[in-house]
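Visitor: Please take me on a close look at one small part of this protein. Once I have found my way there, I would like to see how the rest fits around the picture.

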Amino acid sequence: MSAPERSTILGWGACVPETVVTNDDLAGLMDTSDEWIQKRSGIKERRYVDNDDGSVGLAETASRDALNRAGLSPADIDLIVCGSLSPDIDFPGNSALLQRRLAISGPMAFDVRNQCSAFLYLMAIADQYVRTGGASNVLVVGSEVHSTGIEYADRSRHVTVLFGDGAGAVVIGASPDSDTGFLASDLHSDGRYVGALCVDGPGSRRKPRVPDGWTDTDIYTYPQMDGSTVFKHAVRGMTASVETVTASAGFSKDDIDMLLPHQANLRINQLVAMGLGIDDARMANNIDRYGNTTAATIPILLAETLEEGRIKKGDLLCFTAFGAGFTWGSALLRW
Ligand code: COA
């Protein structure tokens, strides 16, 4: 069988933990307030896991959901690609652990470490595999458990209030026709900004990797973030990338029917939309309920927007994201 002209999303799924953590709950743990968090980020609440079912547990539920919607079984998957900055264990990556849970043995599985833009990179990889005949049905998964890796203390409040747990997945395979599916992607990275958003350890350059007493004395195992630098680059990077990806496929930003941006901060997304001339009716956001779930924001948002009936067949969808690295980009898909 020859390789298809286009790949597309055949199924989608999402999973968020049941436990809701409000801004007031966090204000009980550190010096913050519901008013500050809502005003600066748009977040009202987020979900936290309440058991030891880590990012792979959430990924499994989202993956089974996506497989069901695609009408496929795990045995039909010939490539699994996963993104997570909060893997269950240090190594091997979540893709091998998820593969074990889904009882798929043999086909390719690998991980991409691209934080908030991971899902865009993963979809671009899946698209390339399908269009070059390297795989038929690719399971693409983003999943995170942040709640066990952030610090509930005043010195980390600007980071901790932003993040939540969750997972999303899509199955990417051959598009039934050449009019629908992925039309273009635009991906970037600029390693000069590693220090603006990172978790420094544990890492191989430290001996021992996890020193005694690190929780009391050192912040390096918690995320460190220069919020305003990330904010400015995110607005600029996503706006420019959406313009590039639409132009590269022969469209203009006015042709976009639904913008599905990464959910890091509602104010970032509002500025991106304003720069592109996209009104609320053509943009989806759900950060108010989940916070930033990093690699999982885009598939969770896609699943919800479809469920709400806001996407119709033939719509031009644009996904965009920005995150640590910095890495960022966009993808264009005719639904
Ligand atoms: N609660 C209350 N006050 C807080 C706070 C919190 N959770 N976090 C920070 N503050 C305080 C600061 O200490 C500062 O106080 P000061 O004026 O007395 O010094 C004040 O609020 C303003 O802080 P600032 O960092 O300038 O706020 P901001 O408007 O830039 O918003 C972020 C901070 C983090 C919400 C914002 O910079 C942001 O969202 N950046 C991008 C983050 C991101 O996208 N990360 C993920 C990348 S994918």
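Guide: Start at Phe-326, which sits in the loop between strand 12 (316–323) and strand 13. Keep in mind as we go that this is a predicted model. The peptide bond leading from Gly-325 to Phe-326 is cis, with omega near -10°. A second cis peptide bond joins Phe-91 to Pro-92, and there omega is near -5°. Pro-92 also belongs to a loop, the one between strand 4 (79–83) and helix 4 (94–101). On the far side of helix 4, the loop that leads to strand 5 (108–112) holds Ala-103. Ala-103 has a positive phi of about 55°, although this residue is not a glycine.

Now go back to strand 13 (residues 327–334), where you will find Arg-334. What does Arg-334 touch beyond its neighbours within four places in sequence? Its contacts there are Asp-179, Thr-180, Gly-181, Leu-183, Phe-251, Asp-257, Gly-314, Asp-315 and Leu-316. With Gly-314 we can be more precise: the backbone oxygen of Gly-314 is 2.9 Å from a polar atom of the Arg-334 side chain. Arg-334 also shows how the fold brings distant stretches of chain together: Ile-9 is 325 residues away along the chain, yet the two C-alpha atoms are separated by 10.0 Å.

Let's step back to the domains. Domain 1 covers 7–174, and domain 2 is made of 181–204 together with 218–334. Their C-alpha centres are 15 Å apart. Where they meet, 52 residues of domain 1 contact 45 residues of domain 2. The size of an interface is often given as the accessible area lost when the parts come together. For these two domains, the buried area is about 3700 Å², with carbon and sulfur atoms giving 67% of that area. On the domain 1 side, Cys-116, Leu-120 and Tyr-121 supply 17% of the area buried against domain 2, more than any other three residues.

What kinds of pairing cross this interface? There are 15 residue pairs in polar contact between the two domains, while the count of salt bridges between them is 0. Several elements give two or more residues to the side of domain 1 that touches domain 2, among them strand 1 (7–15), helix 2 (34–41) and helix 5 (118–131). Helix 5 has the largest share, with 7 residues. By type, the residues on this side divide into 21 nonpolar, 19 polar and 12 charged.

Salt bridges do turn up elsewhere, with 14 found in the whole structure. Side chains of opposite charge can pair when their charged atoms come close. For an example, look at Glu-60 and Arg-64, whose closest N and O atoms are 3.0 Å apart. Both residues lie in helix 3 (residues 55–70), spaced 4 residues apart, or about one turn of the helix.

Our last stop is the ligand. Which of the 22 residues around the ligand come nearest? They are Thr-32, Arg-40, Cys-116, Gly-227 and Asn-265. You have already met Cys-116 among the three residues that supply 17% of the area domain 1 buries against domain 2. A polar side-chain atom of Thr-32 is 2.7 Å from a nitrogen atom of the ligand. Arg-40 places a polar side-chain atom 2.8 Å from a ligand oxygen atom, and for Trp-36 the distance from a polar side-chain atom to an oxygen atom of the ligand is 3.1 Å.

Conventions: Residues numbered from 1 in each chain as written. Predicted model: local features only at pLDDT ≥ 70, side-chain atom pairs only at ≥ 80, totals over all residues. Heavy atoms only, no water. Domains from an automatic or database assignment. Contact = heavy atoms within 4.5 Å. Buried area = accessible area lost by both parts, 1.4 Å probe. Salt bridge = Lys/Arg side-chain N within 4 Å of Asp/Glu carboxyl O. Polar contact = N/O pair within 3.5 Å; in protein donor to acceptor, adjacent residues only side chain to side chain. Nonpolar A, V, L, I, M, F, W, Y, C, P; charged D, E, K, R; others polar. Near = heavy atom within 4 Å.
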